[in-house]
Structure formats: structure tokens, C-alpha cells
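Please open the structure in your viewer and keep the selection tool at hand. The stops below each begin with something to select and then say what is found there.

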Amino acid sequence: MTRFGPVAWVLPAMPRDPADPLVSYWGPMAHAVAEAVTLDVVALRFPSALPTFAWGRARIHTLPHGHLRRRASPKIWHAALRRLGDLHRRRPLRLLHALHGNEAGWVSVLASLRLRLPLVVHLGGGETVGLPQLGYGSRCHAMERWQVAASLRRARWVTVGSSYQGQLAVRQWGVDPSRILELPVGLDLTPYDPRRRPPRRPDPGADQLAPPTLRLISVAELNAVKGHDLVLQAVAPWLRSIPGLRLALVGGGPRLAALRRLAEALGIAAQLEWHGQVPNPGLAARLARAQVFVHGSHHEAQGLALIEAAASGLQIASTAVGVAPQLGLPPAQLAAPGDLCGLRAAVGHAISAALVGPTRGGSAALPSAAAYALAPIAARWQLRYAAMTAGRA
């Protein structure tokens, strides 16, 4: 296989190994992309102060100041610039790719100017939004707003994980659409494939006259932007009216206590299952036991959990963020961000679809999920890098 590059990624954090739950997707992506690209990765904050380690052929470089607070961040920036300079002297880099437009983007701007390298910026989070009521988004914070503006001015190309994120970049930051490339993160979807699992056998001890148990599931960190308040309020009428309906919540985070109180107030606490943070290897089994995936996020740059749910064959009710509008869902199963009535109706449509067609594999989103499989996505990144380093978009 022809190799090209070298390319350097700059990003906030990298997983140390496949068992690491932190940003677990960047490790496999680096491994897959590095099959054809000479790839060095500089992780700004995590893990910290480790010797260089590898994901396949990709080399991961850590810095000694990972846990410094915001005011001390220039120490991290200087260390990253030194590391990138060292890499460039040993083996001249052809391209910098910042995998986030705020701090990683700003460091990459400095390196791009110092080393005279073309810069690509990936908008992989809240860079395109400002949601002050939630305290979320780069546009809410002066430093991040300035960093994103600087990185987008310097970037030759801007990559995004969804059309939704690209549209926000145009609308909120005035990015020329011709500079935007849709390059989503790829996922290993093999564990989620419903065709690889044996059909579930009926429980011989169950009451055959009773309505079947139907399980809803939501997978997201329990923070404000993920919209769990909206999810609980949207599913509450259905939990109260449909016997045997359950909702499993997978994820940990700062809003756990508040969400438990809300569940009590809504009268649905007995029908909720709190699974906490589940390592990625255990997530496919949780999704396999559910029939409907509910997602109430106020913003997603891409939405990896949505893709995993689609790959599992689940019916999906979601706000129209990230890749949700690109998954081939019926319009009735999508709601505008923050629209409680719309999400409640979407949940009802998804439940009806699950009850009518309970056999797994019937989800409209299942074929669309295959487009996000790791191998074809890595090939798209490799082809783009080949074109970029040859001077073409």
C-alpha cells in the first residue's frame, strides 16, 4: 500500500488502549487511517506525561502539563509547539489537522504559521453553537470564540462529521461552503449488527396474554446539553400509559441526582433503569435488549450513539441534531432541538413502529448506519489526505 504524509493530528485527548472509555473512537480511527498515512498524534491534555505509544502505525505523543487549568494553558501550547517542531525536523510534516476548533485549533494555527504548513480544522464539538442557558458552546466563552475564529480563518479546509454541523459553520461563522468537507468519524459497527445475533427466544415462564415488555434506551453523558430533562418529560406519558414499558439510561455525569429527582416528580422512577457509564465493549449488549432509542440532545457535531443505535436496528426518536437527519428516519420520528411536544410525538411514533414490527432489522436507519463503518470512513480520510498533500482539495 502506498503511504503518504506525514500528517499530524492535534486534539485534546486520546485513549490509551481499547479499554479506555475516554474519547474511545479516536484510537481506532488513528489505527485505521495510519494504514496508509504516516500519522503522528499530539494529545494536548490526556493522557499526560506518558512515553510515546502507538495505535497500530500511528504514534501518539503526550505532553507533561495535561491537567493545568485554563489560565496556565499557554504552558500546554508551548509544549505542543515544541513537540510539533521536533516532529517536523525529524520528518517534515505535510499537513496539520486540528481535531477540534477551539484549543486544538488555536495550537494548530500557531504551529501552521511557525512551520508554514497547511491547516485543516475539524469541528468536532460545540464550536458552532452558543447555548448560554446551558453554559455550552464555544460561542458562549470569549476565549474559545476567539480561538475558533482564528482557526477557521487560518484553515484551508474545514471538516465536519455531519451536514448539520457544516450548515452551522456556514451560518454562525460565515465559512465558505466550498471549504467544508464532510469527514465523519468511523466506528467499528460489527458488535452492533443485529444479523450477527441469534433471535431472542421467548421466555417460557412469561404470561403469553400480557403485553410484551418494551424497552427504550438513551445513551449519553448526563450533562445539560444532552437533554435528559427533555427525554424524561417526553417519555413520561408513554411510560405511564403503556404497561411493561421501561427506559434504560446509560451514562454517568453531573446531572444524575437532578434527573433522579425529576423522575420522581414525574412519577416514572419505578420504570427507569440507571446503568451508569458503560465501557464501549458492553454497549452493544445494552442496545441489543432495547427496541427504541431516544435522544434529546440540544446539539451534536455528529452523534456516535445515534449511529450505534441505528446499526443495532433500533427504532429512533431524536432531536434533529448531528447525523440524525441523515439516517433515513421518518420525519415523524425527528423533533427540533428543545421541542418537548415534538420529541414526545416522535417517541410515540417510534414505539408504534417497534410494536408493529418487533423483529430486529426493520429500522429505517439500519442501512444508513453502514456508511459510518470504520473501514470506508478511514478510506475517505486517506483519500482526502492524499489530495490535500498533493495540493488538491
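Axes here are lines fitted to C-alpha atoms, for helices over the stretch in contact, and the angles run from 0 to 180 degrees between N-to-C directions. The model on display is a predicted one.

**First stop: H1 and H12**

Select helix H1, residues 26-33, together with helix H12, residues 374-389, whose axes come within 9 Å of each other and cross at roughly 60°. That angle makes H1 oblique to H12, and the crossing of the two is right-handed. To see the contact itself, show the side chains of Trp26, Pro28, Met29, Ala32 and Val33 in H1, which meet Leu374, Ile377, Ala378, Trp381, Gln382 and Tyr385 in H12. Sorted by character, the residues of this contact are ten nonpolar and one polar, with no charged residue among them.

**Second stop: H2 and H3**

Next select helix H2, residues 73-90, and helix H3, residues 103-115, which pack at an angle of about 45° with their axes 10 Å apart. H2 is therefore oblique to H3, and H2 passes H3 in a right-handed crossing. On the H2 side, the residues to display are Ser73, Trp77, Ala80, Leu81, Leu84, Gly85 and His88, and they meet Glu103, Trp106, Val107, Leu110, Ala111, Arg114 and Leu115 in H3. The residues of this contact divide into nine nonpolar, three polar and two charged.

While H3 is still selected, pick out Ser112, which is found in that helix. Is Ser112 buried or exposed? Its relative accessibility is 0%, and so Ser112 counts as buried. If neighbours within four places in sequence are set aside, Ser112 is in contact with Leu96, Leu117, Pro118, Leu119 and Arg154.

**Third stop: the two sides of H7**

Move on to helix H7, residues 256-266, and colour Leu259, Leu262 and Ala263, which are buried. Viewed down the axis of H7, these buried residues fall within an arc of 100°, so they line one face of the helix. On the other side of H7, Arg261, Glu264 and Ala265 are exposed. To see what covers the buried residues of H7, add helix H6 (228-241) and strand S11 (272-276), which are included in that cover. Then step to Gly267, which follows H7 and has a positive phi, near 75°.

**Fourth stop: the backbone**

Most residues other than glycine have a negative phi, and most peptide bonds are trans. With that in mind, select Gly5 and Pro6, which are joined by a cis peptide bond with omega at about 0°; Pro6 lies in strand S1, residues 4-13. Another cis peptide bond, with omega at about -5°, joins Phe46 and Pro47, and Pro47 is found in strand S2, residues 37-48.

Select Ala49 next, in the loop between S2 and strand S3 (53-55), where Ala49 has a positive phi of about 55° although it is not a glycine. With a relative accessibility of 52%, Ala49 counts as exposed.

Finish at Arg116, in the loop between H3 and strand S6 (119-123). What is the sign of phi at Arg116? The phi of Arg116 is positive, at about 55°, although Arg116 is not a glycine. Arg116 is exposed, with a relative accessible area of 76%.

How values were computed: Residues are numbered from 1 along each chain as its sequence is written. This is a predicted model: local features need pLDDT of at least 70, side-chain atom pairs count only at pLDDT 80 or more; totals for chains, interfaces and linings use all residues. Side-chain values use heavy atoms; hydrogens and water are left out. Helices (H or I, at least four residues) and strands (E, at least two) are DSSP runs, numbered from the N terminus. Angles under 35 degrees count as roughly parallel, over 145 as roughly antiparallel, 65 to 115 as roughly perpendicular and the rest as oblique. A crossing is left-handed if the near helix is turned anticlockwise from the far one by less than a right angle, and right-handed if clockwise. Contact means heavy atoms within 4.5 Å. Ala, Val, Leu, Ile, Met, Phe, Trp, Tyr, Cys and Pro count as nonpolar, Asp, Glu, Lys and Arg as charged, and the others, Gly among them, as polar. Buried means under 20% relative accessible area, exposed over 50%, partly exposed in between (1.4 Å probe, protein chains only). The arc is that of the directions from the helix axis to the C-beta atoms.
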